[in-house]
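Student: I would like to go through how the labels in this model are justified. Please set each value against its cut-off.

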Amino acid sequence: MKSSLTDVAGFRVGHAAVPGPDALSGTTVVLAPPGGAVAAVDVRGGGPGTRETDALDPRNVVERIDAVVLTGGSAYGLDAAAGVMAWLEEQGRGVRVGPEPHQVVPVVPAACLFDLGRGGDWRARPDASVGRAAVEAAASEVAEGNVGAGTGAVVGGLKGGVGTASVTLASGATVGALVVVNAVGSAVDPDNGALYGEYGAGPLQLPAPNVHLAARERLARAREGMGLPPLNTTLAVVATDARLSRPQTQKLAGTSHDGLARALRPVHLMHDGDTVFALATGSHDSGTAGVLGAEELNFVLAAGADVVARAIVRAVRAAGSVEGAGGTFPSYGDLYGS
């Protein structure tokens with residue numbers, strides 16, 4: 001089975017890109033199963049762009065949500081969430097505010113990344129129609145690389161993108177992550193060309209020194225042609241079927257940031273808006289009444305960081321090079337091979 005966020009039962013992921021020859025942006029939607037999921041968020045970058053994140057504070061009224069939107073287009077791209085909200089309303093999904101089935105208000109948290117102008121057209125960014133296309137495309141198979149919100153993503157000058165990973169714990173609970181990698185910092189060790197996220201994950205296969213030298217020179221030339229400021233942001237959704245309370249879900253969002261710190265260096269800078277959402281359905285039967293105890297919760301928290309780091313590696317490896325009016329963004333695969 002392909003390791004992905006949708007290994008957590010009931011979740012679906014959809015991508016859509018902004019149409020047009022000079023467009024390089026898009027939107028990704030993580031759709032929760034019917035009934036929604038307990039949700040939380042942790043924002044650590046210095047330049048975030050978000051929507052409806054205050055609703056996820058455990059002190060506030062919203063108990064469960066139905067979808068999370070990750071989008072390009074900087075703050076303009078947050079309009080994509082309106083398309084997802086309209087689709088959910090049509091399905092009768094959301095916070096019920098009246099006696100009739102259609103009387104709902106979908107709460108759709110969203111976060112954006114900066115990719116303006118990377119395709120050449122500054123005004124090519126996601127809107128409500130792109131958000132709707134993404135949620136309508138939601139499926140169990142998750143495409144990676146230059147798709148959805150990762151269409152115009154860049155990481156340290158390399159082409160970034162979407163990656164996903166999951167793990168099933170000894171308890172039987174599953175934890176999965178989807179990450180859109182678009183960072184000011186780098187995913188690559190400048191000393192040897194290794195991906196930071198692969199350290200400690202098994203035998204490390206280092207690129208040949210001559211390959212690394214050629215890659216560094218090519219990347220330096222590509223960076224010289226970038227006329228836009230390094231405004232970025234890495235976005236992630238971590239999901240689990242473990243039964244978590246809202247404060248526990250908040251803790252999962254926070255500890256999952258450790259995966260960003262392992263795989264991207266530096267991270268959480270003033271020009272990043274790094275944001276992690278956490279979703280918990282509680283559909284896994286742990287055999288105990290109520291939410292997880294502290295010891296069981298620790299395994300879920302550790303897994304969140306692990307799958308985020310793995311998803312970042314997969315995003316960088318899956319990305320393809322892009323060259324166009326907005327610049328040249330070589331991929332790790334083109335520079336270093338498989």
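Student: How many salt bridges does the rule give?

Tutor: The model is predicted, and the count comes to 9 salt bridges.

Student: What makes E63 and R246 a salt bridge?

Tutor: The cut-off is a Lys or Arg side-chain nitrogen within 4 Å of a carboxyl oxygen of Asp or Glu. The closest N and O atoms of E63 and R246 are 3.8 Å apart, so the pair qualifies. E63 is in the loop between β4 and β5, and R246 is in helix α4, 183 residues apart.

Student: Why is R246 called buried?

Tutor: Buried means under 20% relative accessible area. R246 has 9%, so R246 counts as buried.

Student: What makes R132 and E90 a salt bridge, and which parts do they tie together?

Tutor: Their N to O distance is 2.7 Å, which is within 4 Å, so the pair meets the rule. R132 lies in helix α2 and E90 in helix α1, so the pair ties together parts 42 residues apart in sequence. E90, R132 and E136 are linked in a network of salt bridges.

Student: Why is R132 called partly exposed, and how is E90 classed?

Tutor: Partly exposed lies between the 20% and 50% limits. R132 has 24%, so R132 is partly exposed. E90 has 52%, which is over 50%, so E90 counts as exposed.

Student: How do you know that V97 is exposed?

Tutor: Its relative accessibility is 57%, over the 50% limit, so V97 counts as exposed. V97 is in the loop between β6 and β7. With V95 and V105, V97 forms a nonpolar surface patch of about 220 Å² accessible area together.

Note on methods. Residues numbered from 1 in each chain as written. Predicted model: local features only at pLDDT ≥ 70, side-chain atom pairs only at ≥ 80, totals over all residues. Heavy atoms only, no water. Patch = residues over 30% accessible without salt bridge, like charges linked within 9 Å, V, L, I, M, F, W, Y side chains within 5 Å. Areas by Shrake-Rupley, 256 points an atom, 1.4 Å probe, with all protein chains shown as cover. Helix = DSSP H or I, 4+ residues; strand = E, 2+ residues; numbered from the N terminus. Buried < 20%, exposed > 50% of the residue type's maximum accessible area, 1.4 Å probe, protein only.
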